[in-house]
Amino acid sequence: MPTRFQNIVNGRPTPARASGDRAVLNPSTGETIVEVADSSPADVADAVAAADAAFPGWSRLTPAGRHKVLTRLADALEDNAADVVDLEVANAGKPVSAFRDEEFPDCVDGIRLSAAAGRSLTANASGEYLDGVTSSFRREPIGVVGAITPWNYPLLQAIAKIVPALAVGNTMVIKPSELTPLSTVRFVEIANEILPPGVLNVVMGDGPGAGAALTADPRVGVVSFTGSVAGGRAVAVAAAQGLRKSVMELGGNAPAVVFADADIPRAARLLAASALFNTGQECMASSRILVEESAHDELVAGLKAELENVRLGDARDEATTLGPMISQKQLDRALGLLDRRSGTAEVLTGGKRPESDGFFLEPTLITGLRQDDELVQTEVFAPVVTVQPFRGEEQALAMANGTPYGLSASVWSSDTGRTARFARDLRAGMVWVNEHLLFGPDCAVNGFGESGFGIENGLMGATEFTRLKHVLTSHH
Ligand code: NAD
């Protein structure tokens, strides 16, 4: 494993001038993997200057020219799979089998999908909308993209921003989470063996430091942020201050609404898996389950059996199915939410930290909660599943829509009229019917409510990195 990670600016590893070392940890053991330097505002400014200088050359390549370069990133990532998988498993605590076999292939496929985004942009047809004038519509890149990513999918999120933004002609400075910078730095290093210098730069550091400096830089044309509601709010305000566009992919608190006429054993199996995926540190996890009263006990029994069947352990162990949480802070936050649960709540399994130096939490199932309980209203972001009973569609919908979030939801029923009504009425940017968390690079995400705004992923996501220009040419 490499022992030194640095910012990459203008194509070169660049030591930060900045503000002290930061230990990057392995959450399975609590041990330090490597120390990296936090970037100062001056380091960030240098990276933005490099991206700004690279923009004219990169943006004037043809879409096919950029496509050709960017698809090579997919091959290069595959060539470096072993190294990148090791880094992500160690640093993000992702069970190796799940990361290597599911998430990593999506990273590679995401590059292949988005590399072509610049070749398929759409706008109104050109034509004579006014007498004597031909209108044509151009979708142009915006300039330098400031990308800020979270720790729960470090590489996947980085690729979901980097490749579409570059494919449509922008350049970028990316700031990964201070907890998980390693796979992003490695990917940018690999990419810089292929891309012209300055097109893609990475700076490390925390939110209030490097993140805020990136967001505030007037040369940044659009800020693409994925993270918490609180972080997103701060970044959106800073971008708005400069009257710059921002795209916000924020937290979620997905309801899964299960009716008694659904296949309950299948629902229990799939909902347990999607609640625990990535140790529940997943913005669309099915962690808030609502079930029709008559099916409550059967579903709860099925979920309990599934939760008690996981293999908790070091992410590097092939047999592990549930890894650690990312940090002591996130673990303490989840334990605090569990400690403060209301008197009516009943913990049916889990709820404790096992003996280990890593940041582990046993998979936890809780019933008896009220709609206004903190554990229901908050994004718990841990391997914790809550189950609440409901009576009838009206109550189910009110409970499902009764939090400030609106990222995703699912409805489970064999009545197609009912599932159609819920698909229409659930206040969420993504709705599954008799499924939860089926996801891939083609799937556009669009948060409602406090889950944010703007689209990420798929070819629609690339459009967020463009702006429309209307050209009117006189016939005289
Ligand atoms: P976070 O908001 O703490 O941090 C996210 C990133 O923002 C980090 O790089 C951080 O350094 C930076 N940051 C924080 N404050 C900042 C500020 N004031 N200015 C600039 N940058 C700042 O979030 P997190 O804890 O790293 O990530 C988990 C969150 O991400 C969860 O809420 C999860 O739901 C959300 N998430 C959402 C999606 C989605 O597609 N909607 C996907 C993955 C994760």
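**Helix packing and the second largest pocket**

In this predicted model, helices α13 and α14 are roughly parallel to each other, because the angle between them, about 30°, falls under the limit of 35 degrees. Helix α13 spans residues 392–400 and helix α14 spans residues 416–425, and their axes lie 11 Å apart. The crossing of α13 past α14 is right-handed. On the α13 side, E393, A396 and L397 take part in the contact, and they meet R418, R421, F422 and D425 of α14. Sorted by class, this contact comprises three nonpolar and four charged residues, with no polar residue.

A second packing arrangement involves helix α2, formed by residues 63–79, and helix α6, formed by residues 182–191. Their axes come within 10 Å and cross at roughly 125°, which makes α2 oblique to α6. This crossing, too, is described as right-handed. In the contact, L73, A76 and L77 of α2 meet F187, I190 and A191 of α6. The contact of α2 with α6 contains six nonpolar residues, and neither polar nor charged residues are present in it.

Helix α9 (residues 264–276) and helix α10 (residues 296–307) form a further pair, with axes that come within 8 Å and cross at roughly 45°. The two helices are therefore oblique to each other, and α9 and α10 cross in a right-handed sense. From α9, the residues I264, P265, A267, A268, R269, L271, A272 and L276 enter the contact. Their counterparts in α10 are E298, L299, G302, L303, E306 and L307. The contact of α9 with α10 is made up of 10 nonpolar residues, one polar residue and three charged residues.

Attention was also given to open space in the model. The second largest pocket has a volume of about 950 Å³, and 37 residues line this pocket. Of these lining residues, W151, F225, G227, S228 and G231 lie nearest the centre of the pocket. Several elements contribute to the lining: helix α7 (207–216), strand β10 (220–226), helix α8 (229–241) and helix α11 (328–339) each supply at least two residues. By class, the lining of the second largest pocket consists of 16 nonpolar, 14 polar and seven charged residues.

Methods:
Residues are numbered from 1 along each chain as its sequence is written. This is a predicted model: local features need pLDDT of at least 70, side-chain atom pairs count only at pLDDT 80 or more; totals for chains, interfaces and linings use all residues. Side-chain values use heavy atoms; hydrogens and water are left out. Axes are lines fitted to C-alpha atoms, for helices over the stretch in contact, and angles run from 0 to 180 degrees between N-to-C directions. Helices (H or I, at least four residues) and strands (E, at least two) are DSSP runs, numbered from the N terminus. Angles under 35 degrees count as roughly parallel, over 145 as roughly antiparallel, 65 to 115 as roughly perpendicular and the rest as oblique. A crossing is left-handed if the near helix is turned anticlockwise from the far one by less than a right angle, and right-handed if clockwise. Contact means heavy atoms within 4.5 Å. Ala, Val, Leu, Ile, Met, Phe, Trp, Tyr, Cys and Pro count as nonpolar, Asp, Glu, Lys and Arg as charged, and the others, Gly among them, as polar. On a 1 Å grid over the protein atoms alone, a cavity is a set of points where a 1.4 Å probe fits but cannot get out, and a pocket is an open set with protein on both sides within 12 Å along at least five of seven lines; lining residues have an atom within 4 Å of a point. Grid points are joined across faces, edges and corners, and a volume is the space filled by probe spheres set on the points.
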